[in-house]
Amino acid sequence: QVQLVESGGGLVQPGGSLTLSCAASGSILSINAMAWYRQAPGKQRELVAAITGGGSTNYADSVKGRFTISRDRAKNTVNLQMNSLKPEDTAVYYCNANVIVVGRVGVHDYWGQGTQVTVSS
């Protein structure tokens, strides 16, 4: 199977920066899109940023100009550089990958366990 492991969350003051990382491992033939989602308490999970296999990106309006998503296809990793963080960015951040798995037909969706980001003074 496939595992996604996130790292890099933590507590940061407003205006600060954090970088989240996610590494995919397992029976991976290839990975199409990778993305970061977040879920704040009492709210639905929402897309933060996504990057296609070709490197095209899209961002939630709330993070445009502050967050940057990038990936290393050779290493099956995706990063989220977060700058100018605001209290409203506080959430659990989840990594997502659309994976073609060895021995299975089709593209399969995998999620990491989540990493907490807290923006507070």
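**Note on the predicted all-strand model**

1. The protein has zero helices and 11 strands, where helices (H or I, at least four residues) and strands (E, at least two) are DSSP runs numbered from the N terminus. This is a predicted model, in which local features need pLDDT of at least 70 and side-chain atom pairs count only at pLDDT 80 or more, while totals for chains, interfaces and linings use all residues. Residues are numbered from 1 along each chain as its sequence is written, and side-chain values use heavy atoms, with hydrogens and water left out.

2. On overall dimensions, the C-alpha atoms fill a box of roughly 50 × 25 × 25 Å along the principal axes. Of the 121 residues, 39% count as buried, meaning under 20% relative accessible area with a 1.4 Å probe, protein chains only.

3. Among contacts (heavy atoms within 4.5 Å) with a separation of 6 or more, 56% are between residues 24 or more positions apart.

4. The largest nonpolar core, a set of buried Ala, Val, Leu, Ile, Met, Phe, Trp, Tyr and Cys residues joined through side-chain atoms within 4.5 Å, has 32 residues, and Trp36, Leu80, Met82 and Tyr93 have the most contacts inside it. Elements giving two or more residues to this core include β1 (2-7), β4 (28-39), β8 (77-82) and β9 (91-101), and β9 gives the most, with six residues.

5. Leaving aside residues up to four places away in sequence, Leu80 touches a set of residues that includes Leu18, Leu20, Trp36, Val48, Phe67, Ile69 and Tyr93.

Key. Buried means under 20% relative accessible area, exposed over 50%, partly exposed in between (1.4 Å probe, protein chains only).
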